[in-house]
Amino acid sequence: MRKIKRVGFVIKPHAPDVKKALEELSRYFSQKEIECVLEEAAAKKLGRTGTIARERIPSKVDLVVVLGGDGTLLSIAHLAAQKKVPVMGVNLGSLGFLTDVPRSEMFLSLDAYLDGENKSVSHRQMLEVFTRGKTFYCLNDIVINKGALARMIQCAMWIDDKEITIPRSDGLIISTPTGSTAYSLSAGGPIIQPQIPAIIIAPICPHTL
């Protein structure tokens, strides 16, 4: 584990208790002589200046702390993964599958991580997507859909250079185990334990007899 010298904060601005949590975390890291890097929304909550854009935070820190819900964590996870920076999600208020650290346990989790306890770290599979000359990284899922078409589409699926099937449907959801509790689940996909090395392919409203 890399030595933690700088920690970045990404927040959901209107999450309950977010300002108080920020203040407590700021004091916690200050006592440990760890520098805090704030995105604009977090800096405003603390009345500070000298912020950086959210998308640049992973390249400037050794750990990202997310205060909010799963959507907030997903907004930074793909960027943090490219820089191999760990992310800790603190759940503030709503149900969170990814922001699984309760507000009441955030310091216990941080102490465990800073003390080098490997069991406090959960490695997650991601998807790498190439399309139109660009590369994207996804923690949950990617979706291929029909857009504005008023008819089904056909998507040829290949695995290891072998054609598997060509389903007729409104689209396809390709999901990681982490994303198995999201859109894929709504389309009838299975729930998979996050550490299982698998990929889910779930057709959206497939044409079946």
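**Two domains and a buried aspartate**

The domain assignment, automatic or from a database, splits the chain into domain 1 (6-115) and domain 2 (127-206). The model is predicted: local features need pLDDT of at least 70, side-chain atom pairs count only at pLDDT 80 or more, and totals for chains, interfaces and linings use all residues. Residues are numbered from 1 along each chain as its sequence is written, and side-chain values use heavy atoms, without hydrogens or water.

**Domain interface**

- The centres of domain 1 and domain 2, taken over C-alpha atoms, are 30 Å apart.
- Domain 1 gives 7 residues to the contact and domain 2 gives 5 residues; contact means heavy atoms within 4.5 Å.
- About 490 Å² is buried between the two domains, 79% of it on carbon and sulfur atoms. Buried area is the accessible area (1.4 Å probe) lost when two parts are put together, summed over both.
- On the domain 1 side, L74, F97 and L98 lose the most area to domain 2, together 57% of what that side buries.
- Between domain 1 and domain 2 there are 0 salt bridges (a side-chain nitrogen of Lys or Arg within 4 Å of a carboxyl oxygen of Asp or Glu).

**D70**

- D70 sits in helix α3 (residues 70-82); helices are DSSP runs of H or I, at least four residues, numbered from the N terminus.
- D70 is buried (under 20% relative accessible area, 1.4 Å probe, protein chains only) yet has no salt bridge.
- The nearest side chain of opposite charge, R124, is 8.8 Å away from D70; Lys and Arg count as positive, Asp and Glu as negative, and His and the chain ends are not counted.
- A polar atom of the D70 side chain lies 2.9 Å from the backbone nitrogen of F97.
- Leaving out residues up to four places away in sequence, D70 touches G96, F97, L98 and T99.

Key:
Helix = DSSP H or I, 4+ residues; strand = E, 2+ residues; numbered from the N terminus. Buried < 20%, exposed > 50% of the residue type's maximum accessible area, 1.4 Å probe, protein only. Polar contact = N/O pair within 3.5 Å; in protein donor to acceptor, adjacent residues only side chain to side chain.
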